[in-house]
Amino acid sequence: MIKLLRTVFYTALVLSGLVLLSGVVFFFTVVRDLPRVPEPLSRIIETPPTEIFAASGERLMIIGGREAVPLNRVSQDFINAVVATEDHRFWKHHGIDKIRTVKALGITLFVPGKIQGASTITQQLAKNLFFSFKRRYIRKFRELLVALQVESRFSKEEILEAYINQIPFGARSHGIEQAARAFFGKTASELNLAESALLAGLPKSPTRYNPYRHWERAKQRQKVVLLRMVATGYISRPQAEIASLAPINLVPPRERLDTGSHFLDMIVRDLETTYGTDVVHHGGLKVYTTLDPQLQLYATEAIRKGLQDLDSRLQLPATTGEDTNTRPQGALVAVDTKSGALRALVGGRSYLHSAYNRAIRNQRQPGSGFKPFTYYTAFEKRDLSPATLMVDQPVTIPVKGAADWQPRNFSRSFNGPMVLKVALMKSVNTIAAQLIEQVGPPSVIETARRCGIESPLAPVYSLALGTSGVSPLEMAGAFATFANGGTHHRPYWIARVEDAQGRILEDHIVSGRRVLEPDRAYQVVDMMRGVVDRGSGAVVRRLGFNRPAAGKTGTTNNYYDAWFTGFTPTLCTSVWVGFDREHALKDKRGAGITGGRGAAPIWTHFMLRAMEGAPTRNFTVPPGIHFEEVDPQTGRRPDALTRNSLRLALTVDQSADGTMATGAAGSSLIPPTTGDTPAPPAIPSATGITEEDLPLDD
Amino acid sequence: MDSWTAPHDFSEWLRRMFAIRPLAVTLLICLVGISELRFDWAEQMVGRFLATTNASRPESGSIWEKGHRAASAHQTLDQIITDKQTIQREAREAQNFSQIARTLSKGQDVILAASHFQMLYNALPPERAGELLSPYTLIRMHSQGQWDRTFFEPADQGFSVYFLNRDNRVLHQLQIDNRLLERIEQGESVRSERLDLLPQFSERIYGAERFFTALEQMPEDLRRSIIPWPENLLKAPGRIRRAGISDEVLSGYIEIGLEIEDNQRTRVVLFQGRDWAVGRLRALLEGEQFQNEIEFTR
C-alpha cells in the first residue's frame with residue numbers, strides 16, 4: 001500500500017512538473033504571437049471618420065473612425081450602467097474576475113447546453129480590438145493575456161474610456177457619443193438614467209435589442225440593467241422604478257435613417273469609385289454634398305403621402321407591409337436648374353425595406369414625358385413653331401422591315417387640327433408621331449443626349465412616345481436644361497471633398513453648356529406651362545401650386561409607369577411611381593393611374609413646401625420672343641367666334657398665321673381643303689371644339 | 001545530514017505529513033494562493049511581463065488591420081495631394097500659357113489666381129493676345145469684380161479655361177487649342193517658303209490684288225478681324241504677291257498666309273483671323289456678292 005501511495009505521489013509530482021513545464025512552454029509560445037497593444041490606448045480611437053455633410057453644413061453621415069469622447073464627458077449614469085451590467089467588479093480586479101470565472105466555468109461544465117461568459121470589460125476590449133468572434137479556448141486565453149497586459153499598463157479610466165468609445169450599439173453607431181446622437185439626438189453627457197440603462201443594454205446584442213424593431217425586448221433589457229444597478233448599489237430600487245417608467249424619446253427612424261439614405265448610398269458608391277474603399281472608410285474624408293435636408297424631408301414626406309394615397313386608390317390591404325413586390329414604389333429627384341446641384345433624392349418607398357435606388361438606377365419608360373425633346377427637335381430642325389397647325393388623325397408610319405406603326409391616342413379618338421402647343425398640352429400621340437417621322441428618331445435622340453439623357457435610346461419612331469427607359473435623375477437634369485434657357489448643367493451631388501487636414505481633393509465647378517437654342521427652348525417651356533395651366537398636368541394648379549411652372553406628364557402602356565417632371569425657373573423635379581415588377585397601376589374601378597393622377601400630386605405636394613418662402617420668379621423670356629393670341633384650332637389670330645384663345649411664344653420670324661406643317665417630303669400634313677379653314681374630311685370635324693373639350697391624353 | 005528514507009507505515013506517513021515543515025509549506029502555499037486571490041499579483045506579474053515583450057510582438061488583430069488600412073488610405077490621399085500640389089506649383093511658376101499646357105498634359109486640373117491669368121495673358125504678343133481672348137472680355141470681368149480664380153482643365157488637343165467667381169460658378173469659358181496657342185505665342189510667324197508649299201493653303205491661294213480688293217470692300221471692323229495688325233504689314237519690307245487662307249479652324253480662328261517677295265527672296269507671314277470674318281472674305285473671293293449689308297454689321 002505504501003508502495004502504491006509512493007508511486008502515486010511521485011507520478012503526480014512528475015506529472016505536475018510536466019504540466020507546469022508544458023504550461024510555461026505554452027505560455028511563451030502564445031506570448032510570442034500575441035498582438036502588440038497600441039500605446040497610448042487612445043490611439044485606437046484616433047482615426048478620423050469620413051464625414052458627409054449637407055449643403056446646409058449639417059452632418060448627414062459618419063463612416064468608419066470613432067467619435068471619441070473623454071470619460072468626463074459621458075453621463076455618470078451610463079458609466080455606472082455599463083459597469084453594473086458588464087463587469088460590476090471592474091474597479092477592483094486586474095483583468096480577470098476570478099470569482100465570476102469560476103462560477104461561469106461551473107455553469108458551462110455542469111449545466112448541459114448552457115455556456116456562461118465571464119469576460120470582464122478589459123477582456124471584452126481586448127476581444128474587440130484584436131480577436132475574431134469565434135469561440136475558441138486558445139482565443140480566450142490570448143484575450144485573457146492581452147487583458148492582463150492592458151490592465152497592468154493602463155489606468156481603469158483609460159480602459160473604460162477606450163471601451164465605451166468603441167462598443168457597437170447598432171444603428172450604425174460605434175461608441176457612446178454616436179449612439180447617444182443616433183438614438184436620442186443628444187450628446188453622451190446629456191443621457192439620463194433611463195436612456196443610459198437602455199443604451200447600456202444594447203451591446204449584448206445590438207440587433208436583438210434594437211429599440212426600433214424590438215421595443216419590448218429593449219425595455220425588458222433596460223429593466224435588467226436597472227436591476228443590476230440596484231444590485232450593485234449604484235441606484236436605489238425607487239430610482240430604478242422611476243427610470244423604467246420614464247418616457248424614452250427615440251429619434252424617429254424615418255428622420256434618422258431614411259433622410260438621404262438612398263442619396264448617401266449614391267455618395268458612398270461614388271466616393272469608393274473615385275478614391276477606393278480604404279480611403280472612404282479609413283481616410284477621414286470630409287465630403288460636402290449638395291443635399292438640402294429640408295427639401296429632402298419634404299421629398300420623403302411627399303413620396304410617403306403620395307404612395308399612401310396610391311395604396312388606397314389601388315385598394316391595397318394595410319397588412320401587406322412594405323413588400324416591394326406588392327406595393328407601388330416611387331422616386332423623386334429635385335435639381336437646381338441654375339447649377340445642376342441635386343437638392344433632394346428619394347429612391348423608393350422605404351430605404352429600410354429596399355435600398356434599391358429607383359431615382360438613379362430605374363430605367364423606366366417616360367411615356368409622353370419624352371415628347372418635349374421631340375417638339376424641340378421639330379422646332380430646331382424643321383423650323384416649326386408652337387403655332388404650327390397639325391392634324392390629330394389616324395397615322396400610319398411605314399417601318400422598314402416591320403409592320404407599319406399606327407400610334408393611337410390615349411383617348412382612342414382624334415380631334416382634328418390643332419396648334420402644336422395644344423398638341424403638347426393635351427399630349428396627342430398622333431402628332432408627336434408625325435413630328436418624329438419628319439425629323440427622324442436620331443435627331444430626337446441627339447436632342448435628348450444634349451440635355452443629358454444617357455440611357456440607351458432606341459432609334460425608333462415610338463421613341464417620341466417615350467418607349468426607351470430613363471431614370472428620374474436624367475429626366476430632372478434634362479428638363480432643367482429647358483428651364484435654364486437651353487443651358488445644361490450636368491446634375492452633381494458632391495460639391496467638395498477634403499482630406500482630414502482640410503486639403504481639397506475635389507471641388508465642383510458649376511459650368512453650364514449651351515445645348516439648346518434659348519428661344520426654341522423657351523417655346524417648349526411655354527408649351528409645358530400650358531400643360532400645367534390647362535393640360536394634362538392641370539392637377540398641379542388644382543392642388544394650389546400657383547407659381548410659374550411648366551412640366552409634362554407621362555404614362556406608359558398598361559399603366560406600368562406614371563411620371564411627372566416639372567419645374568419652376570429655379571427648381572426642377574421629376575417624380576415616378578409604379579411597381580417594381582410589371583404590374584398595372586389601376587384603381588378599384590379598373591381605371592389606370594396616369595402621370596397626372598399618380599405622380600403630379602406628389603410633385604405638387606413637394607414643390608408647394610419646397611418653394612415656400614422663396615420669391616416668385618418668372619421664366620426669363622429670351623430676346624426675340626414675342627407673344628401672340630391664337631385660335632387653337634386654326635392657328636390664326638382669334639376672331640369673334642373664337643372661344644378660349646391661346647397665347648403662344650413665337651420668335652421674330654414666326655407669326656400666328658395658320659401655317660400648316662409639311663411632311664417629311666414636303667407634303668402637307670393637313671388634308672387638302674378649300675378656303676382658309678382646314679377641315680379634314682376623314683376625321684371628326686374640329687369645329688366648335690375648344691381647348692377644354694379636348695381629352696387629356698397621356 | 002540524514003539521508004531521506006521512505007515512510008514504512010501510515011503512522012509514519014501521517015506523522016511526517018503533519019510535521020512542522022510540511023505544514024509550514026502548505027500554509028505558505030495557501031497564503032500565496034489567498035494573497036493572489038486578494039491582491040492579483042500573478043495577473044499583475046504576467047501583465048507586466050507581457051508589457052516588456054510588447055514592442056517585439058506583431059501588429060496583428062482587427063485594430064491593427066484597421067490601422068494598416070487607415071495608413072494605406074492616408075498614403076493614397078497624401079499621394080493624391082502631393083501630385084496635385086506639384087502640378088499646382090508648376091502651374092504657379094509658369095511664365096506663359098505653353099508651360100501651363102505642358103503642366104496640364106499630365107492629366108491634372110489646375111487653379112490659378114485671376115491675377116496670375118492676367119500676367120500670363122499680358123505675356124502674349126499684344127497684337128495677337130486678342131485671338132485667345134478679347135481684352136474687352138477681361139476688362140469686363142475685371143470691372144464686375146467677380147472674377148476670383150481661373151480653372152484650367154486638359155481637353156482634346158489643348159485645354160479649357162474657366163473663369164470662376166468665389167462660389168465656383170463659371171463666369172466665362174474658353175477653349176484653347178495648343179496649336180493656336182503656339183502660333184499666338186510665336187507672334188506673326190515668318191516662314192521662308194512659298195504659299196503653295198504649305199498644305200493648309202492648297203486651293204485657297206489668291207493673288208494679292210484680288211485678296212486686298214475683296215478685303216477693301218468689307219467694313220473696317222471686319223477687316224480688323226481678319227488682319228488685326230495691318231500696321232505690321234506696312235512696316236515689313238518687300239511686296240505682297242499672294243495670300244492664302246487655311247482650311248482649318250482653330251478655336252474660332254483661321255490662319256492666313258501672305259507671301260512676300262523681297263529681293264528675289266520669298267517668305268510667308270502667318271497670322272490668325274476670326275473665322276466668321278475670314279468666311280465672309282472667302283465668300284467675296286469666291287465671287288459671292290454681299291447679300292445684305294446688315295449681315296456685315298455685327
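This passage describes helix packing, strand pairing and the contact between chains A and B in a predicted model.

The contact between the two chains draws on 38 residues of chain A and 40 residues of chain B. On the side of chain A that touches chain B, the elements giving two or more residues are α1 (2-33), α4, α5, α13 (277-282) and β12 (504-507). Of these, α5(A) supplies the largest share, namely six residues. Classified by residue type, the side of chain A that touches chain B comprises 17 nonpolar, 11 polar and 10 charged residues.

Helix α5 of chain A (residues 137-153) meets helix α3 of chain B (residues 41-53), their axes coming within 7 Å and crossing at roughly 90°. Because angles of 65 to 115 degrees count as roughly perpendicular, this crossing makes α5(A) roughly perpendicular to α3(B). On the side of α5(A), the contact is formed by A:Leu145, A:Leu148, A:Gln149, A:Glu151, A:Ser152 and A:Arg153. The residues contributed by α3(B) are B:Glu43, B:Gln44, B:Val46, B:Gly47, B:Arg48, B:Leu50 and B:Ala51. Five nonpolar, four polar and four charged residues make up this contact of α5(A) with α3(B).

Within chain A, α5(A) also packs against helix α4 (residues 121-130), at an angle of about 110° and with the axes 8 Å apart. The angle therefore makes α4(A) roughly perpendicular to α5(A). The crossing of α4(A) past α5(A) is right-handed. From α4(A), the residues in contact are A:Thr122, A:Gln123, A:Leu125, A:Ala126, A:Lys127 and A:Phe130. They meet A:Glu143, A:Leu144, A:Val146, A:Ala147, A:Val150 and A:Glu151 of α5(A). By class, seven nonpolar, two polar and three charged residues form the contact of α4(A) with α5(A). A:Glu151 is thus listed both in the contact of α5(A) with α4(A) and in that of α5(A) with α3(B).

Chain A further contains an open sheet of five strands with mixed pairing, arranged in the order β2-β1-β5-β11-β12. The edges of the sheet are occupied by β2 (59-63) and β12 of chain A, each with a single partner strand, so one side of each lacks a neighbour in the sheet. The edge strand β12(A) is also among the elements that contribute to the side of chain A that touches chain B. On average, and with direction ignored, neighbouring strands of the sheet are turned by 15° against each other. Inside this order, strand β5 (residues 286-289) and strand β11 (residues 494-498) of chain A run antiparallel and are joined by four bridges. Across this pair, A:Thr289 stands opposite A:Ile494 of β11(A).

In chain B, strand β3 (residues 158-164) is mostly covered, with five of its seven residues buried. Strand β2 (residues 149-155) of chain B runs antiparallel to β3(B), and seven bridges join the two. In this pairing, B:Phe152 stands opposite B:Val161 of β3(B). The two strands β2(B) and β3(B) form a hairpin with two residues between them, and B:Gln157 in the turn has a positive phi of about 55°. Strand β4 (residues 170-177) of chain B is likewise antiparallel to β3(B), to which seven bridges join it. Here B:Gly158 has B:Asp177 in β4(B) as its bridge partner. The hairpin formed by β3(B) and β4(B) has five residues between the strands, and B:Asn168 in this turn has a positive phi of about 65°.

Key:
Residues numbered from 1 in each chain as written. Chains lettered and ligands numbered in written order. Predicted model: local features only at pLDDT ≥ 70, side-chain atom pairs only at ≥ 80, totals over all residues. Axes fitted to C-alpha atoms, helices over the stretch in contact; angles between N-to-C directions. Parallel < 35°, antiparallel > 145°, perpendicular 65-115°, else oblique. Left-handed = near helix turned anticlockwise from the far one by under 90°. Contact = placed C-beta atoms within 7 Å. Nonpolar A, V, L, I, M, F, W, Y, C, P; charged D, E, K, R; others polar. Buried ≥ 20, exposed ≤ 12 C-beta atoms within 10 Å, placed from the backbone. Pairing = 2+ DSSP bridges.
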